[in-house]
Every structure is written in structure tokens, then in C-alpha cells.
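Grab your favourite viewer and work through the exercises below at your own pace. Each one has a task, followed by a solution in steps.

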Amino acid sequence: MPIVTIKMIEGRTDEQKRNLVDQVTTAVSETVAAPKENISIIIEEMKKEHYATGGVRKSDV
């Protein structure tokens, strides 16, 4: 039972997240030969204030 966690900055539409879940499910199913109904996906959204790269928060860019 594959479990995929996707972490991303908030702001995507429901349609974008729906498409992401569909395509990731297909990719995992094809790659590891798992039935789609056994694949779980967790989307964790974070605020720009809670993510930094190179010492700079995304909210400060």
C-alpha cells in the first residue's frame, strides 16, 4: 500500500490538486505495479512564511 506525501506552498486550485493526485496515482501504479485503489496521497500545504530556501523565507522574496 504505497503512501505518497506531497508538501507544497499553498495557493493551488482544487482542480490543480485533483490533477496532481490523478497523475501521481497513475505514475505510482505503473511504476510499482500497485492497484490504484491501494495508493494513498497526502497533500500538506504550508504558508510561504513557513518555507525557506537558502536562508530566505518564500514570503520575503
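A salt bridge here is a side-chain nitrogen of Lys or Arg within 4 Å of a carboxyl oxygen of Asp or Glu. Keep in mind that the model is a predicted one.

**Exercise 1. A pair to warm up on**

Task: Find the salt-bridge partner of Arg57 and describe how open to solvent the two residues are.

Solution.
Step 1. Look for a carboxyl oxygen within 4 Å of a side-chain nitrogen of Arg or Lys. Arg57 meets this with Asp60, where the closest N and O atoms are 3.1 Å apart.
Step 2. Check the accessibility of each partner. Arg57 has a relative accessibility of 35%, so it counts as partly exposed. Asp60 is partly exposed as well, with a relative accessible area of 49%.
Step 3. Place the pair in context: the structure holds five salt bridges, and the one between Arg57 and Asp60 is among them.

**Exercise 2. A lysine with two partners**

Task: Work out which residues are linked with Lys17 in a network of salt bridges, and where they sit.

Solution.
Step 1. Locate the lysine. Lys17 belongs to helix α1, which spans residues 14–32.
Step 2. Take the partner in the helix. Asp14 forms a salt bridge with Lys17, with the closest N and O atoms 4.0 Å apart. Both residues lie in helix α1, three residues apart, which is about one turn of the helix.
Step 3. Take the partner in the strand. Glu45 forms a salt bridge with Lys17, and here the closest N and O atoms are 3.4 Å apart. Because Glu45 lies in strand β2 and Lys17 in helix α1, this pair ties together parts that are 28 residues apart in sequence.
Step 4. Put the pairs together: Asp14, Lys17 and Glu45 are linked in a network of salt bridges. As background, side chains of opposite charge can pair when their charged atoms come close.

**Exercise 3. Buried or exposed?**

Task: Classify Lys17, Asp14 and Glu45 by relative accessible area, using under 20% for buried and over 50% for exposed.

Solution.
Step 1. Lys17 has 18% relative accessibility, so it counts as buried.
Step 2. Asp14 has a relative accessible area of 52%, so it is exposed.
Step 3. Glu45 comes out at 39% and therefore counts as partly exposed.
Step 4. Look at the surroundings of the lysine. Leaving out residues up to four places away in sequence, Lys17 touches Met8, Arg12, Ile43 and Glu45.

**Exercise 4. Strands and the helix between them**

Task: In which sense do strands β1 and β2 pair, and over how many bridges?

Solution.
Step 1. Mark the strands: β1 covers residues 3–9 and β2 covers residues 40–46.
Step 2. Follow the pairing, which is parallel and runs over seven bridges. One of the bridge partners to check is Ser40 in β2, matched with Ile3.
Step 3. Add the helix. Together, β1, α1 and β2 make a right-handed β-α-β unit.
Step 4. See how the helix meets the strands. Val24 lies in helix α1 and touches Val4, Ile6 and Ile41, not counting residues up to four places away in sequence. The C-alpha atoms of Val24 and Ile39, 15 residues apart along the chain, are 9.5 Å from each other.

**Exercise 5. Around Ser40 and Ile3**

Task: Which residues does Ser40 contact, leaving aside its neighbours within four places in sequence?

Solution.
Step 1. Ser40 is in contact with Pro2, Ile3 and Val4.
Step 2. Compare with a C-alpha separation: Ser40 and Thr5 are 35 residues apart along the chain, with 8.5 Å between their C-alpha atoms.
Step 3. Assign the exposure classes. Ser40 has a relative accessible area of 32%, so it is partly exposed. Ile3, in strand β1, has 52% relative accessibility and therefore counts as exposed.
Step 4. Turn to the surface: Met1, Ile3 and Ile42 make a nonpolar patch of about 340 Å².

**Exercise 6. A backbone angle to spot**

Task: What sign does phi have at Ala33?

Solution.
Step 1. The phi of Ala33 is positive, about 55°, although this residue is not a glycine.
Step 2. Ala33 sits in the loop between α1 and β2.
Step 3. Its relative accessibility is 68%, so Ala33 counts as exposed.

Key: Residues numbered from 1 in each chain as written. Predicted model: local features only at pLDDT ≥ 70, side-chain atom pairs only at ≥ 80, totals over all residues. Heavy atoms only, no water. Helix = DSSP H or I, 4+ residues; strand = E, 2+ residues; numbered from the N terminus. Buried < 20%, exposed > 50% of the residue type's maximum accessible area, 1.4 Å probe, protein only. Contact = heavy atoms within 4.5 Å. Pairing = 2+ DSSP bridges. Right-handed = clockwise from strand over helix to strand, strands pointing away. Patch = residues over 30% accessible without salt bridge, like charges linked within 9 Å, V, L, I, M, F, W, Y side chains within 5 Å. Areas by Shrake-Rupley, 256 points an atom, 1.4 Å probe, with all protein chains shown as cover.
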